[in-house]
Structures are given as C-alpha cells and as structure tokens.
Amino acid sequence: FRAWSTEVYSIISELASKGVPFTSDDVWKLVTHTPKNNSAMGAVFRKAVAHKIVEPTEQFVQSVFLSL
C-alpha cells in the first residue's frame, strides 16, 4: 500500500502543479496498478489537502471508475 500511495501522491502533486482542475478519474488513469481497497484514493487526496497540495471544490463530477 505504501508504494501505491506514494505513487498516487506524486501523481496528484504533478497534476496540481499544472494549475488545472482535475478529479480522481484523472489520477486513476495514470496509476500503474490498483490497491486492494479502492477507497484508498480518498485517503491520499485527504493527505494532499492537509499538505495544501490541492484544495476541494464545490463541484461534483461523477466518476467513470465506479466499478473499480
């Protein structure tokens, strides 16, 4: 799990550095493998928010990865 979350955090940081809004779907498209628990993505996003890498918005975008 640690390697996966490190990869995801890096992807989130890279996407955030571009200054363009993105969703977890954009991150899923770049992850090389999936974790055993798909809800782990939320934990990494919360860490990125806590570190002020990203900030949540009021916008809701339905995920295309619902079946993961």
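Reader: How many helices and strands are there in the chain?
Author: The model is a predicted one. Read along the sequence, its chain follows the pattern α-α-α. The count is therefore 0 strands and 3 helices.

Reader: What is the radius of gyration of the chain, and what does the globule rule give for 68 residues?
Author: Along its principal axes, the C-alpha trace spans about 30 × 25 × 20 Å. The chain is as compact as a globular protein of its length, because its radius of gyration is close to the value from the globule rule for 68 residues. The radius of gyration is 11 Å, and the rule gives 11 Å.

Reader: What percentage of the 68 residues in the chain is buried?
Author: The chain exposes about 5100 Å², of which carbon and sulfur atoms supply 56%. A residue counts as buried under 20% relative accessible area. Buried residues make up 28% of the chain.

Reader: Which element gives the largest share of the largest nonpolar core?
Author: Nonpolar side chains tend to be buried together in soluble globular proteins. In this model the largest nonpolar core has 15 residues, and W4, V8, I12, V27 and M41 touch the most other members. The elements that give two or more residues to this core are helix 1, helix 2 and helix 3. The largest share, 6 residues, comes from helix 1.

Reader: Which residues does I12 touch, leaving aside those up to four places away in sequence?
Author: I12 is one of the core residues that touch the most other members. In the chain, among contacts between residues at least 6 apart in sequence, 59% join residues at least 24 apart. With residues up to four places away left out, I12 touches F22, V27, V44, F45, A48, I53 and V54.

Reader: How many residues apart in sequence are the parts that the pair of W4 and W28 ties together?
Author: A search of the whole structure finds 2 aromatic pairs. The rings of W4 and W28 have centres 6.0 Å apart and planes at 40°, so this pair is tilted. Both W4 and W28 are buried. W4 lies in helix 1 (residues 2-17) and W28 in helix 2 (residues 24-28), so the pair ties together parts whose separation in sequence is 24 residues.

Reader: Where in the chain do F22 and F45 lie?
Author: F22 and F45 form a tilted aromatic pair, at 6.2 Å centre to centre and 40° between the planes. F45 has a relative accessible area of 18%, so it is buried. The pair links distant parts of the chain, 23 residues apart: F22 is in the loop between helix 1 and helix 2, and F45 is in helix 3 (residues 40-50).

Reader: Which residue lies over the face of Y9?
Author: A charge sits over a ring only if the relevant atom is within 6 Å of the ring centre. The distance from the ring centre of Y9 is 4.9 Å, and the residue lying over its face is K47.

Reader: Is K52 buried or exposed?
Author: K52 is found in the segment after helix 3. Its phi is near 60°, a positive value in a residue other than glycine. Exposed means over 50% relative accessible area. At 73% relative accessibility, K52 is therefore exposed.

Reader: What is the distance in space between P56 and S17, C-alpha to C-alpha?
Author: P56 is found in the segment after helix 3, and at 64% relative accessibility P56 counts as exposed. P56 and S17 are 39 residues apart in sequence. In space, C-alpha to C-alpha, their distance is 15 Å.

Note on methods:
Residues numbered from 1 in each chain as written. Predicted model: local features only at pLDDT ≥ 70, side-chain atom pairs only at ≥ 80, totals over all residues. Heavy atoms only, no water. Phe/Tyr/Trp six-rings, centres within 6.5 Å; stacked < 30°, edge-to-face > 60°. Helix = DSSP H or I, 4+ residues; strand = E, 2+ residues; numbered from the N terminus. Buried < 20%, exposed > 50% of the residue type's maximum accessible area, 1.4 Å probe, protein only. Lys NZ or Arg CZ within 6 Å of the ring centre and 35° of its normal. Core = buried A, V, L, I, M, F, W, Y, C linked by side-chain atoms within 4.5 Å. Contact = heavy atoms within 4.5 Å. Rg over C-alpha atoms; globule rule 2.2 N^0.38 Å. Areas by Shrake-Rupley, 256 points an atom, 1.4 Å probe, with all protein chains shown as cover.
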